[in-house]
Structure formats: structure tokens, C-alpha cells
Amino acid sequence: MAPNTYNYVTHMEHELATNPAQGAAALLPCYWLYNQIGERLVQQSSPVKIYQQFIDTYASPEFTIATNTMIDIVDRLGEETTSVVQSAMITAFLRSSYFELNFWQTAYDEATWPF
């Protein structure tokens, strides 16, 4: 497991174990990002079968529904909790967004541990 992947997984484990609302907020960027990527790339096609399967999956109406459901869940949980937890949800979402971006960069760079 690459360093950023380890950090991302550790972050997710922490958020999911801390509070369901924080856990949901931490999961949301993955749904949202993959859905947005799929919707943008579906306008094109890929000659590489596995890439096309990725595009088709994340651009599908079913995944869009799942993404919108996840957004609704996070919104509802945020409305039903304290301002302290709302702040923690925002932090969890932003950290996951950071790790998600770096997850892609890690793959591109073929990053590994320095030891």
C-alpha cells in the first residue's frame, strides 16, 4: 500500500469509527468525484476496455442516484447534529478530498515508501 493510500485508509477508519456523520462526510468525496469524472468522460470513449468500464460504471444513472443519495444523507446528518460535529464533518470531507486527489497522483507517480 502506497503512503498516501495508507494515510487515506487510516483517515477513513478514524472518521468511520468516530461518528456516523463524520464517516458519511468522509465517504462523500469518493462518490462525488467518481460520478463527476464518469459524467465528463462519458462524452468520449476509451479504446481500453477497462477504462470504458470505469467510465460506464461511474456515469451510470444508478451511480448518479447513489451519489445523490449519499449527498442527501450527509446533508440530513449535518442538519440533525451539533455545530461541533458539523465542523468535524466539513474537516472530514476536505481531508478526504485531499487524500482522493493525492490517491490519483500517487498512482500517476507510482509512489512507494522510501524504505
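Hi everyone, let's start with the rings: this structure holds 13 aromatic pairs. Take Y34 and F54, where the ring centres sit 5.6 Å apart and the planes meet at 55°, so this pair is tilted. The two partners come from distant parts of the chain, with Y34 in helix α2 and F54 in helix α3, 20 residues apart. Before I go on, please keep in mind that this is a predicted model.

How covered are these two rings? Y34 counts as buried, because its relative accessibility is 12% and the cut-off for buried is under 20%. F54, at 24% relative accessibility, counts as partly exposed.

Y34 has another partner as well. With Y58 it forms an edge-to-face pair, 4.9 Å from centre to centre and with 80° between the planes. Why edge-to-face here, when the pair with F54 is tilted? Because an angle over 60 degrees counts as edge-to-face, and the planes of Y34 and Y58 are at 80°. Again helices α2 and α3 are involved: Y34 lies in α2 and Y58 in α3, so the pair ties together parts that are 24 residues apart in sequence. If you step back a little on the screen, Y31, Y34, F54, Y58, F63 and W104 form one aromatic cluster.

Now for the overall picture. The protein chain has five helices and zero strands, so from the N terminus on you read α-α-α-α-α. Its C-alpha atoms fill a box of roughly 50 × 45 × 15 Å along the principal axes. Of the 115 residues, 35% are buried. If you look at contacts between residues at least 6 apart in sequence, 70% of them join residues at least 24 apart. The chain exposes about 7,600 Å², with carbon and sulfur atoms supplying 61% of that area.

Let me show you a residue in the first helix on our list, M12. It sits in helix α1, which covers residues 3-18, and at 13% relative accessibility it counts as buried. Which residues does M12 touch, once its neighbours within four places in sequence are left aside? They are A26, L27 and S96. The S96 contact spans a long stretch of chain: M12 and S96 are 84 residues apart in sequence, yet their C-alpha atoms are 7.8 Å apart in space.

Next, a loop. S46 is found between α2 (20-41) and α3 (49-59). A polar atom of the S46 side chain lies 3.1 Å from the backbone nitrogen of V48. Beyond its neighbours within four places in sequence, S46 is in contact with Y51, Q52 and I55.

On to charges. Side chains of opposite charge can pair when their charged atoms come close. How many salt bridges does a search of the whole structure find? Just one. R76 pairs with E80, and their closest N and O atoms are 3.8 Å apart. R76 counts as partly exposed at 41% relative accessibility, while E80 counts as exposed at 55%.

I'll finish on the surface. M1, Y6, V9, W113 and F115 form a nonpolar patch there, and together they have about 600 Å² of accessible area. F115 lies in the segment after α5 (83-109). With a relative accessible area of 81%, F115 is exposed.

Thanks for listening, and I'm happy to go back to any of these views.

Technical notes
Residues numbered from 1 in each chain as written. Heavy atoms only, no water. Helix = DSSP H or I, 4+ residues; strand = E, 2+ residues; numbered from the N terminus. Contact = heavy atoms within 4.5 Å. Polar contact = N/O pair within 3.5 Å; in protein donor to acceptor, adjacent residues only side chain to side chain. Patch = residues over 30% accessible without salt bridge, like charges linked within 9 Å, V, L, I, M, F, W, Y side chains within 5 Å. Areas by Shrake-Rupley, 256 points an atom, 1.4 Å probe, with all protein chains shown as cover. Salt bridge = Lys/Arg side-chain N within 4 Å of Asp/Glu carboxyl O. Buried < 20%, exposed > 50% of the residue type's maximum accessible area, 1.4 Å probe, protein only. Phe/Tyr/Trp six-rings, centres within 6.5 Å; stacked < 30°, edge-to-face > 60°.
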